[in-house]
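Colleague: I would like to go through the assignments one by one. For each, please set the value against the criterion.

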Amino acid sequence: MIRIEYDIRQNKSPFLATAIHNGHDVDEEVEKYFVIDEFARLREEDPFTGFLAKISQNYMIVHTSRFQTDLNRSREGALYRNPEQAWGLDVWKADTPVSLLNQLLNHYDHFYKQLGLFLKGLIQSSGYLIIYDFHSYNYMRIDGVKADPAQNPEINVGTGSLNRNLWGPVVESFCDALRRFDYFGRKLDVRENIKFRGGYLSRWIHEHFPDRTCVLAIELKKFFMDEWNGAVDVLQLYELRKAFLSTLPAILRQAERIGKERFPAFSGEKLNPSEGTGLNK
């Protein structure tokens with residue numbers, strides 16, 4: 001049975017972490033229509049982001065590959081039907097049934113419907129929600145040749161769709177905490193909106209739950225692993241997890257202050273349907 005596989009954990013906390021490009025799994029019925037091989041898929045996926053997402057009591061970790069359905073793109077771009085959508089890679093065979101592609105898009109719609117319900121439940125509990133949306137990106141498109149560090153920060157924080165007038169203190173606290181973290185005797189290169197401004201997931205959440213949500217689209221340069229063979233430096237990965245954990249006290253303090261000022265009765269407050277349930281798209 002074709003479906004999008006993901007794990008959800010839900011607790012009463014105003015903090016959520018997601019890893020929607022973590023997955024590598026592809027349904028057998030889908031894979032037989034692939035031109036792309038497993039190795040090429042892995043290189044463009046975001047392995048180990050699910051491990052980082054588990055810093056939160058609330059998380060959503062997707063196990064299905066973005067090559068089956070990309071949940072961080074709009075519905076029109078969720079299936080890589082031409083190489084321009086997939087870094088020059090051919091993904092689907094020419095004889096792929098339209099019925100199969102439509103089925104995948106139906107699962108995409110169902111995912112976003114379930115996401116809307118999930119987020120609504122979390123927001124009704126706290127009144128607002130801070131989300132770390134974990135991703136990673138390649139920076140050695142030619143094997144052994146590193147891209148210009150000036151345009152490729154180790155941690156890119158995407159806030160392009162965020163209401164920064166409201167949530168700016170959370171963004172700044174997050175970046176400051178990461179920059180202060182002692183990463184093997186040095187500081188991490190953390191910058192905002194240099195390489196990426198955030199994908200469809202963050203835009204969708206901000207659109208459907210305006211002001212109530214603060215999504216930080218976190219893009220990690222794959223400096224902690226070999227992007228060509230997929231091998232990870234375990235020590236670096238665990239240290240990155242510590243770095244992200246170190247940001248939580250400051251960002252949650254800022255979020256609580258903003259929540260109390262902006263949403264005075266935020267504890268247990270019912271979400272006004274006019275603010276969006278995520279079920280209309």
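**Assignments and their grounds**

Modeller: Glu 239 and Lys 242 sit three residues apart in helix α7 (residues 234-262), so about one helical turn separates them. Keep in mind that this is a predicted model.

Colleague: Why is the contact between Glu 239 and Lys 242 called a salt bridge?

Modeller: The N to O distance between their side chains is 3.7 Å. The cut-off is 4 Å between a side-chain nitrogen of Lys or Arg and a carboxyl oxygen of Asp or Glu, so the pair qualifies. In general, residues three or four places apart on an α-helix point the same way, because a turn takes 3.6 residues.

Colleague: Are Glu 239 and Lys 242 buried or partly exposed?

Modeller: Glu 239 has 14% relative accessibility, and buried means under 20%, so Glu 239 counts as buried. Lys 242 has 48%; exposed would need over 50%, so Lys 242 is partly exposed.

Colleague: How many salt bridges does the structure hold, and what makes Arg 141 and Glu 44 one of them?

Modeller: There are 19 salt bridges. For Arg 141 and Glu 44, the closest N and O atoms are 2.6 Å apart, which is within the 4 Å limit. Arg 141 belongs to the loop between β4 (129-137) and β5 (155-158), while Glu 44 belongs to helix α2 (residues 38-44), so the bridge ties together parts 97 residues apart in sequence. Glu 44 is buried at 7% relative accessible area, and Arg 141 is partly exposed at 40%.

Colleague: Which residues do salt bridges with shared partners join into one network?

Modeller: Arg 43, Glu 44, Arg 141 and Glu 227.

Colleague: What makes β1 and β6 edge strands?

Modeller: The open sheet has seven strands in the order β1-β3-β2-β4-β7-β5-β6, with mixed pairing. β1 (6-9) and β6 (190-192) each have a single partner strand, so one side of each lacks a neighbour in the sheet.

Colleague: How do you know that β5 and β7 pair?

Modeller: Pairing needs at least two bridges, and β5 and strand β7 (residues 213-221) have four, in the antiparallel sense, so they pair. One of the partnerships is Val 157 with Ile 218 in β7. Helix α6 (residues 200-208) packs on the sheet, where it touches β2 (15-19), β4 and β7; its direction makes about 175° with that of β7.

Colleague: Where is the kink in helix α5 centred, and what covers the buried residues of that helix?

Modeller: The kink in α5 (residues 164-180) is about 25° and is centred on Val 170. Val 170 is also among the buried residues of α5, which include Leu 166, Trp 167 and Phe 174. The cover over the buried residues includes β4, β5, β6, β7 and α7.

Colleague: What makes the approach of Asn 163 to Asn 165 a polar contact?

Modeller: At the start of α5, a side-chain oxygen of Asn 163 comes to within 3.3 Å of the backbone nitrogen of Asn 165. The limit for such N or O pairs is 3.5 Å, so the distance criterion is met.

Colleague: Why single out the phi of Trp 87?

Modeller: Most residues other than glycine have a negative phi. Trp 87, which is not a glycine, has a positive phi of about 55°. Trp 87 lies in the loop between β3 (58-62) and α4 (98-126). Phe 184 also has a positive phi, near 55°, and is found in the loop between α5 and β6.

Note on methods: Residues numbered from 1 in each chain as written. Predicted model: local features only at pLDDT ≥ 70, side-chain atom pairs only at ≥ 80, totals over all residues. Heavy atoms only, no water. Buried < 20%, exposed > 50% of the residue type's maximum accessible area, 1.4 Å probe, protein only. Contact = heavy atoms within 4.5 Å. Axes fitted to C-alpha atoms, helices over the stretch in contact; angles between N-to-C directions. Bend = angle between axes of the 7 residues up to and from the residue. Polar contact = N/O pair within 3.5 Å; in protein donor to acceptor, adjacent residues only side chain to side chain.
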